[in-house]
Amino acid sequence: MSENAYYIIEIKKADRPSFNLWYDEKLKDFINKEYGFYSQLNSYDTGIVEIPIKTLKKAIKKAAELDLDEDTVNQLKKDIATAKSSKDEYVTYYCC
């Protein structure tokens, strides 16, 4: 375990959002049930959230059930590919 906490100077975000916090309610609920989405956000539902790649893959398989549109599915796939290329097991999202 690390002993230090660092002040964040800059967060760079992607050009477009991966999903919408208002419209993709079923996706948020699914992630919350699988891993804990809301517990990572502050009282204004903003913050930095880490979601395991395996959870996102499950969500993609349930795209129809979760009412995910094609753009959202494609963006989640890109997020997973980017995380894997960095050898990450999680995708980090800035929710604002």
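**Chatting through the largest pocket and its surroundings**

User: Hi! How does the lining of the largest pocket split by class?

Analyst: Hi there! By class, 18 nonpolar, six polar and ten charged residues make up the lining of the largest pocket. Keep in mind that this is a predicted model.

User: Good to know. And what volume does the largest pocket have?

Analyst: Its volume is about 820 Å³. The lining counts 34 residues, and those closest to the pocket centre are Lys13, Ser18, Thr92, Tyr93 and Tyr94.

User: Which elements supply at least two residues each to that lining?

Analyst: Those are β1 (residues 47-52), α3 (residues 70-85) and β2. The biggest share comes from β2, which gives six residues.

User: Let's stay with Tyr94 for a moment. Where does it sit in the fold?

Analyst: Tyr94 belongs to strand β2, which covers residues 90-95.

User: Is Tyr94 buried, exposed or partly exposed, and why?

Analyst: Tyr94 counts as partly exposed because its relative accessible area is 43%, and that class lies between the 20% limit for buried and the 50% limit for exposed.

User: Which residues share a nonpolar surface patch with Tyr94?

Analyst: Its partners there are Ile8, Ile11 and Ile48. Together with Tyr94, they show about 370 Å² of accessible area. So Tyr94 turns up twice in our chat: in this patch and among the residues closest to the centre of the largest pocket.

User: Neat. New topic: what is the phi of Asp67?

Analyst: Phi of Asp67 is near 55°, a positive value in a residue that isn't glycine. You'll find Asp67 in the loop that links α2 (residues 53-61) to α3.

User: Buried or exposed, that Asp67?

Analyst: Asp67 is exposed, because its relative accessible area is 51% and the class begins over 50%.

User: And what about the phi of Lys87?

Analyst: Lys87 also has a positive phi, near 65°, and isn't glycine either. Its place is the loop between α3 and β2. With a relative accessibility of 76%, Lys87 is classed as exposed.

User: Last one, Tyr38. Where is it?

Analyst: Tyr38 is in the loop running between α1 (residues 25-34) and β1. At 28% relative accessible area, Tyr38 is partly exposed.

User: How far is the C-alpha atom of Tyr38 from that of Val49?

Analyst: The two C-alpha atoms are 8.7 Å apart, with Tyr38 and Val49 eleven residues apart along the chain.

User: Great, thanks!

Note on methods. Residues are numbered from 1 along each chain as its sequence is written. This is a predicted model: local features need pLDDT of at least 70, side-chain atom pairs count only at pLDDT 80 or more; totals for chains, interfaces and linings use all residues. Side-chain values use heavy atoms; hydrogens and water are left out. Patches are made of residues with over 30% relative accessible area and no salt bridge: like charges are joined within 9 Å, nonpolar side chains (Val, Leu, Ile, Met, Phe, Trp, Tyr) within 5 Å. Accessible areas come from the Shrake-Rupley method with a 1.4 Å probe; for residues, only the protein chains shown count as cover. A salt bridge is a side-chain nitrogen of Lys or Arg within 4 Å of a carboxyl oxygen of Asp or Glu. Helices (H or I, at least four residues) and strands (E, at least two) are DSSP runs, numbered from the N terminus. Buried means under 20% relative accessible area, exposed over 50%, partly exposed in between (1.4 Å probe, protein chains only). On a 1 Å grid over the protein atoms alone, a cavity is a set of points where a 1.4 Å probe fits but cannot get out, and a pocket is an open set with protein on both sides within 12 Å along at least five of seven lines; lining residues have an atom within 4 Å of a point. Grid points are joined across faces, edges and corners, and a volume is the space filled by probe spheres set on the points. Ala, Val, Leu, Ile, Met, Phe, Trp, Tyr, Cys and Pro count as nonpolar, Asp, Glu, Lys and Arg as charged, and the others, Gly among them, as polar.
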